[in-house]
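Work through the exercises below with the sequence and the coordinates open beside you. Each task is followed by a solution that proceeds step by step.

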Amino acid sequence: MQRRRALLLAAILIITATGSWIWLDRERLAVALINPLLQTSRIDSLRGLHPGIDTITVDEVHLSLASGASMRMEDLRLSHPWGLIFTGERNRSRLAIASLQYTPPQPQAEAAPASTNTNGKAVSAEDASLRTLIALLHKTLPEHVQVEEFRWLDDTMHRGQLHIARNDDRQSVKANATFDRQELTLLLRSEGGQLHLSAQLDDKKDGRILSFTGALLADASDLWLATITLQSDLQKLSQLPLPDKLAQFSPGATGAVSARLQARLPDRVLRLEEYADISLKLEKSSIQLALPQALLGTEAAFNLTVDDHLEVKLAALRPLEAKSLSGSGNITLTPKDMPTLLQARFASTTSQGQPQITAAGNLNLQALTPWLQSSVLQDKLPDLRLTSAAGKLQFQGSATAKSLTALPDGRQSWLDRFDLSLLPDSWLELSVSQPGASPDGWQNGKIAIHLPEVLAVRTDQWPGKMQLNSAEIRLRAQEKDGNISVNARLQQIECSLLTQTRCSLEIFAESPERLALPGTLMLENFSMNSELQFHTEDNHQQWLLSQAEVWADDLKGPSLQAERLSLTAPQLQCRVTNGSAHCESMEITAAFSTLDTPGLRTSGALTFSDVQFRESGRRTELNAGYHANQIRLKTAENYALNIDIQGNLLLEDAMLHGESQLLSGPVKLQAQWQHNLNNAEGTADFTFPKTSFSRTHPLSRAIEGLPVDIVAGTLSASGRYSWPMGTKDHIHLQLEQAAAVFGDSFAAGVAGEISLYRRGNLWLTDQPQAVQVDRVDVGLPIENIHFSISLDEKRDLAFNAVNAQLLGGTLESSRLVWNLDGEERTGKIQIQGISLSELAREMEAENFAATGTLDLEIPMATSSEGVTVRRGQVKARPPGGRLRYYGAFSPQMLSGNPQLKLLAGALEDYNYRALSGTLDYPSSGDMRMQLKLVGRSQSVAADRDLIINLNLENNIPDMLRSLQASRDLTEALEKTLQ
């Protein structure tokens, strides 16, 4: 007995403890029991659960729905709960909610995880049956649902009341939601195999806003035949507190929408692939919608007018398969305060079972100006501003709809044979500017496009490869002031567009006016043509120019002028990948009739070979070889040469390097150079290898017009030249047994080395440089010439320790100076032992003969006016000599002048024992000598001294030219060289 009592007491205690635990943890247990029954939704939290026999109350429930939305309910009261729990009997439960807050799903909210049934298996939404849902609705929906305060929280908050009533006798469910001014009524009624649904949205002041009716008729094949009609007043609808995504289209919306939808639906309504025979018909209507500012840079009105109806019939929904299209109408698009941007008429028909759409209309591009000026476009083009637009595009097009098919890239194709034509005389003009640029020049101007021919766009399927073709497109670029323009024609245009773009076309461009280029250059009568092919795909571009030719009549700059320019390239190819560019060409030729720079005129053609250009980030590199044949150079002094050039160059960022070799006649020059493009500084190291000259290969074959021609010997040179001038510049020149001709004079046996270096702007010698010359013949021979030459900071070119042989005597001077700036310098020449018989012989005068020896002391001055001599001294050495001068005076001079006749007779045979006098030589070259002779003549007073005072004048340059003319230069030179 005691054992039984103990067991009973233990059982009572266990039951009591279990009940206590259930009661204390009832809310958590309720959530665990209910969530599996909800399948696609779940209770997040439950608070204040108070179960009872006839009533269950809950203080607060948080519920997450499968769509991502959430609900928060407060103060729930469920009466007669057993009818809801035990569905076998009639459900007479009633639900009252003091407050219900509904929050729609966020746009980026992740989908709720798949729900599971009580067996833990996933429940597919596609398995939802319409019949099951209707039955479940009648069984599980409380007979009455009353929500005292209903709050819908999206972009704005809406408050109202909600009442739902289920009538099992009429097999209907009616819902009524009231807000401040609007009332929404829904009625769902099932009758036999039919389901009727109606909805009305009314405004308490303006009346009916929207009405919706639908009927679903079940057939024996487990399908539903659905017919749905919708009628709405858009103006009234736009007054509603719509979500922001819809509200931006609502301002100014007008028109009435009347639509009818028919379809064959499966009982499992979410199986879209089983939908069939779908028809959507929009009745005759006129609709206007507002487009938000973000689309066109300003608010815009969109108008759709349907003539009679617009109907779309689909054979299937998934995959989409169009069956027929019918209807026509008009579309207009008008930005605020602008003319109509788009006017188009469309029509749809069905031909041979394929729906087709045709459209035609025009675009007034002036209305695009707000969009061009908006931040939507300017943020995408930070370095360019499109400030205004003008023009008119006329178009027509057609497209054929087809069954929706999958493409290899995963997209869906739904159009066949899409064609769009921009019609002739369509045109476009854009005003462009560059932020921060000068208001003048090409940074501010206009671009105009004109279509003289049809521009056709076609694709066999959309999305898919698109073909673009046109016989000709004309373009015009114009500066802001309109004075300078460039015209271009694009012809034979063929393009293929998809994920990659391929185009080929011919380009013709010209500018009949002067065209401004960077660096204050002006190009006159510019023209070009080329064939162009380009290919773009993702971050890769490839451009190919073929048979490119550029011409210009004139190119002018501050220190440059070129005439009849041309630039040709048989092929130029560029590739751009991820912002890095690589261009190459086997050959580019630049030719010009004349190219004038200060002091130099050039003509000819320069060809660049194997041109390679690379640019990546901030690094730029260009390398190429170059060559030219018979480039002609002519200086301001009329020196000219024809040269052949070859070499190579390398550009690394702003530093240009190169090697050059110049060849002209026997002359060959090699140089290595570099130039900095940023600061215009550079250097050139050059070498003039030892070159031999001869009468058959003189220097004049390389350089025409030089006053001096080297006809024998060798010449070599080397050095460095910088720009601007540099302290390391130097030149070294070496002559060996050289012979030079200057006019009718020549020098032979010239030898010496001359080294110059630069200090500041001056060329200097660090010490006197020795030079020797075997013979100089200026009409009178000067032989065995030795001197040293120097150049100092005062620009004094000095000939030091001059020593030479002249007419049997010697010529000496310690220093003779010529200032290169023309300042006056003085010096003295001593001439000793001049033989008068040698002078008479060189003069080859038949009426003059003399003997004796003279000494001369000549004080010489040099300046910009030339060479002058003042009060030079002339004196004969003892014992004197003999003069014989026949016919010194003409018979006319002698007649009537006995003294002159006496003097003429005395000079015919005069023996002097003393001769002295002075010599003056002005810059004009007219030498004057005043001589006093003391001696005797056999023909006049032979027994006493006869003193003769002579004033002689002679133009030395004329005399030398006369002496030069009296001998054969070639013969004299050949004789000297032998």
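**Exercise 1. Describe how strand 1 and strand 2 are paired, and then follow the pairing on to strand 3.**

Strand 1 (residues 42-47) pairs with strand 2 in the antiparallel sense over five bridges, where strands are DSSP runs of E of at least two residues, helices are runs of H or I of at least four residues, and both are numbered from the N terminus; two strands count as paired if DSSP finds at least two bridges between them. Within this pairing, Ile43 stands opposite Leu63 in strand 2. Next, strand 2 and strand 3 (residues 70-79) also run antiparallel, joined by nine bridges, and here Thr55 stands opposite Ser79 in strand 3. Finally, consider the surroundings: seven of the ten residues of strand 2 (residues 55-64) are buried, so this strand is largely enclosed by the rest of the structure. Buried means under 20% relative accessible area, exposed over 50%, and partly exposed in between, with a 1.4 Å probe and protein chains only.

Before going on, note that this is a predicted model, in which local features need pLDDT of at least 70 and side-chain atom pairs count only at pLDDT 80 or more, whereas totals for chains, interfaces and linings use all residues. Residues are numbered from 1 along each chain as its sequence is written, and side-chain values use heavy atoms, with hydrogens and water left out.

**Exercise 2. Determine on which side of helix 10 its buried residues lie, and list what the buried residues of helix 12 pack against.**

In helix 10 (residues 836-843), the buried residues are Leu836, Ala840 and Glu842. They cover an arc of only 165° around the axis, which puts them on the same side of helix 10; the arc is that of the directions from the helix axis to the C-beta atoms. Just after this helix, Glu844 takes a positive phi of about 50°.

For helix 12 (residues 898-907), the buried residues are Leu900, Ala904, Gly905, Ala906 and Leu907. These pack against strand 48 (881-885), helix 11 (891-894), strand 49 (910-921), strand 50 (926-937) and strand 51 (946-955), a contact being heavy atoms within 4.5 Å.

**Exercise 3. Which residues does Ser511 touch, not counting residues up to four places away in sequence?**

Begin by placing Ser511, which lies in strand 25 (residues 500-517). With a relative accessibility of 0%, Ser511 counts as buried. Its partners, with that sequence limit applied, are Ser485, Val486, Asn525 and Phe526.

**Exercise 4. Examine two salt bridges, asking where their partners sit in the chain.**

The structure holds 29 salt bridges, each a side-chain nitrogen of Lys or Arg within 4 Å of a carboxyl oxygen of Asp or Glu. In one of them, the side chains of Glu793 and Arg759 meet at 2.6 Å, N to O. This pair links distant parts of the chain, with Glu793 in the loop between strand 41 (781-791) and strand 42 (796-806) and Arg759 in strand 38 (residues 745-759), 34 residues apart. Glu793 is partly exposed at 44% relative accessibility, and Arg759 is partly exposed at 42%.

In another, the side chains of Asp945 and Arg913 meet at 2.3 Å, N to O. Asp945 lies in the loop between strand 50 and strand 51 and Arg913 in strand 49, so the pair ties together parts that are 32 residues apart in sequence. Asp945 has a relative accessible area of 31% and is partly exposed, and Arg913, at 47%, also counts as partly exposed.
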